[in-house]
Amino acid sequence: MTDSVKKRVHVAVGVIINDKQEVLLAKRLDHLHQGGKWEFPGGKIELNETVTDALKRELKEEVNLDVASSSPLMEINHDYPDKQVLLDIHLVTHFAGKATGLEQQEVCWVPKKELVNYEFPDANKPILDKILAD
Ligand SMILES: Nc1nc2c([nH]c(=O)n2[C@@H]2O[C@H](COP(=O)(O)OP(=O)(O)OP(=O)(O)O)[C@@H](O)[C@H]2O)c(=O)[nH]1
Ligand SMILES: [Mg+2]
């Protein structure tokens, strides 16, 4: 295995859209990688976990939502200067609960058209393009 393959972090990411066509964003805490930017909730996939298991676990841990079903949206490989990520992005339109930032992070529901006003990590560009095209 090469270093680049070994180091790449595999992340489950949820683009969560409610009945009003708003998208759930969370603000990354300042001390984290890409801190201060807005993200789609999610996190690292653990050993022996499927992407959908990880997505369910992370969305419960981070924003207190129970995912009922999800569908694959896209995968993005991105190399930051300090970190390489593989984002496994899923669309979540069926879920239960009220979105709450359980890790002291700010969360908000944003109408699709207003997403252009938020700053995201560089890796997210294709996700934004896709959501805005739909
Ligand atoms: N959740 C999430 N992570 C993203 C997005 N875009 C993006 O580049 N990432 C990167 O993917 C990685 C995800 O890690 P994370 O910090 O969410 O991981 P985690 O929830 O498991 O937290 P942990 O660091 O406490 O283990 C970070 O390096 C983050 O910068 C995004 O839209 N959502
Ligand atoms: Mg996370």
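I will start with a residue on the outside. E61 is exposed, because there are only 12 other C-beta atoms within 10 Å of its own, and exposed here requires 12 or fewer. E61 belongs to helix α2, which covers residues 51-63. Take M74 as a reference point: E61 and M74 are 13 residues apart in sequence, and their C-alpha atoms are 23 Å apart in space.

Before going further, a word on what we are looking at. This is a predicted model. The chain has a mean pLDDT of 95, and 96% of its residues reach 70 or more. For the complex, the predictor gives an ipTM of 0.95 and a pTM of 0.94.

Now to the strands, starting with β1. Is β1 mostly covered or mostly open? It is mostly covered, with 6 of its 8 residues buried. β1 spans residues 9-16, and it has partners in β6 and β4.

With β6, β1 runs parallel, and 8 bridges join the two. You can follow that pairing on the structure at two places. H10 stands opposite L86 in β6, and I16 stands opposite V92 in β6. With β4, β1 runs antiparallel, through 3 bridges. There, A12 is set opposite G43 of β4. As general background, strands of a sheet pair through backbone hydrogen bonds, in either the parallel or the antiparallel sense.

β6 also pairs with β5. Those two are antiparallel, over 11 bridges. The connection between β5 and β6 is a hairpin of 4 residues. One of the pairs is D79 with Q84, the latter in β6. So that you can find them, β5 is residues 66-79 and β6 is residues 84-96.

Next, a separate group of strands to look at. Which strands form the open sheet of 3, and in what order? The order is β3-β2-β7, and the pairing is antiparallel. The edge strands are β3, residues 38-39, and β7, residues 107-111, each of which pairs on one side only. β2, residues 22-27, is joined to β3 by 2 bridges, running antiparallel. A26 has E39 as its bridge partner in β3. Keep E39 in mind for the ligand.

On to the inside. The largest nonpolar core has 26 residues, and V15 and L65 touch the most other members. Several elements contribute at least two residues each to this core: β1, β2, α2, β5 and β6. In general, nonpolar side chains in soluble globular proteins tend to be buried together.

What does V15 touch, if we leave out residues up to four places away in sequence? The list is V23, F40, L73, I89, L91, V92, I127 and I131. V92 came up a moment ago as the residue opposite I16.

Now ligand 1. How many residues surround it? There are 19, and the closest are E39, G42, G43, K44 and P121. Two of those names have already appeared: E39 is the bridge partner of A26, and G43 stands opposite A12. Three strands, β1, β4 (42-44) and β6, each give at least two residues to this shell. By class, the shell has 10 nonpolar, 5 polar and 4 charged residues.

Last, the loops. Two residues there have a backbone angle worth checking on the structure. Q21 is not a glycine, yet has a positive phi of about 65 degrees. Q21 lies in the loop between β1 and β2. Q21 counts as exposed because it has 12 C-beta neighbours inside 10 Å. N48 likewise is not a glycine and has a positive phi of about 65 degrees. N48 is found in the loop between β4 and α2. With 6 C-beta neighbours inside 10 Å, N48 counts as exposed.

The third loop residue is D122. D122 sits in the loop between β7 and α3, the helix at 125-133. Why does D122 count as exposed? Because it has 10 C-beta neighbours inside 10 Å, and the cut-off for exposed is 12 or fewer. D122 and H90 are 32 residues apart in sequence and 18 Å apart in space, C-alpha to C-alpha.

That takes us from E61 on helix α2, through the core around V15 and L65, to the shell of ligand 1 and out again to D122 in its loop.

Key: Residues are numbered from 1 along each chain as its sequence is written. Chains are lettered from A and ligands numbered from 1 in the order in which they are written. This is a predicted model: local features need pLDDT of at least 70, side-chain atom pairs count only at pLDDT 80 or more; totals for chains, interfaces and linings use all residues. pLDDT is the predictor's confidence in each residue, from 0 to 100. A residue is near a molecule or strand if its C-beta atom, placed from the backbone, lies within 6 Å of it. Ala, Val, Leu, Ile, Met, Phe, Trp, Tyr, Cys and Pro count as nonpolar, Asp, Glu, Lys and Arg as charged, and the others, Gly among them, as polar. A residue is buried if 20 or more other C-beta atoms lie within 10 Å of its own, exposed if 12 or fewer, and partly exposed in between; C-beta atoms are placed from the backbone. Two strands pair if DSSP finds at least two bridges between them. A nonpolar core is a set of buried Ala, Val, Leu, Ile, Met, Phe, Trp, Tyr and Cys residues joined through C-beta atoms within 7 Å. Two residues are in contact if their C-beta atoms, placed from the backbone, lie within 7 Å.
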